[in-house]
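Hi,

Here is the structure I said I'd pass on. Have a look at it first, and then read my notes underneath.

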Amino acid sequence: MATNMSLEDLAKRIRDACLEAVLQAYEDAGVQGLCAEGRWEAAVGALRTLDLAPLLREYQHPSAD
């Protein structure tokens, strides 16, 4: 059965993916010993490189469950 993802669901999933990427990059940078500025730069870099295409494809072509 195919599920239709609403725009609201898509927005929430994109937000969650962005938050996860930022928090993980910030934490990883801290473990590597970066200062606050370096951690912030790592977090922003994670957002810039985050691949959201799979979420968008899933929205356009929902999979059958």
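**R39 and its surroundings**

Let me start with a side chain: that of R39 reaches the backbone oxygen of Y26, at 3.0 Å. Bear in mind that this is a predicted model, so everything here is computed from predicted coordinates.

Where does R39 sit? Its place is in helix α2, which covers residues 36-49. Leaving aside neighbours within four places in sequence, R39 is in contact with Y26, E27, A29, G30 and L34. Y26 thus turns up in that contact list as well as at the end of the 3.0 Å reach from the R39 side chain. You could also look at R39 against A25: the two are 14 residues apart in sequence, and their C-alpha atoms are 7.5 Å apart in space.

Now for the helix pair I'd look at next. Helix α1 (residues 7-31) packs with helix α3 (residues 53-60) at an angle of about 165°, and their axes are 10 Å apart. Anything over 145 degrees counts as roughly antiparallel, so that is how α1 and α3 run relative to each other. The crossing of α1 past α3 is right-handed.

Which residues make the contact? On the α1 side they are L7, L10, R13, I14 and A17, and on the α3 side L55, L56, E58 and Y59. By type, the residues of this contact come out as seven nonpolar, two charged and no polar.

Stepping back to the chain as a whole, the secondary structure comes to three helices and zero strands. Along the sequence that reads as α-α-α. How much of the chain is buried? Buried residues make up 18% of its 65 residues. As for contacts between residues at least 6 apart in sequence, 69% of them join residues at least 24 apart.

If you open the model, I'd go to R39 and Y26 first, then over to where α1 and α3 pack.

Cheers

Note on methods: Residues numbered from 1 in each chain as written. Predicted model: local features only at pLDDT ≥ 70, side-chain atom pairs only at ≥ 80, totals over all residues. Heavy atoms only, no water. Axes fitted to C-alpha atoms, helices over the stretch in contact; angles between N-to-C directions. Helix = DSSP H or I, 4+ residues; strand = E, 2+ residues; numbered from the N terminus. Parallel < 35°, antiparallel > 145°, perpendicular 65-115°, else oblique. Left-handed = near helix turned anticlockwise from the far one by under 90°. Contact = heavy atoms within 4.5 Å. Nonpolar A, V, L, I, M, F, W, Y, C, P; charged D, E, K, R; others polar. Polar contact = N/O pair within 3.5 Å; in protein donor to acceptor, adjacent residues only side chain to side chain. Buried < 20%, exposed > 50% of the residue type's maximum accessible area, 1.4 Å probe, protein only.
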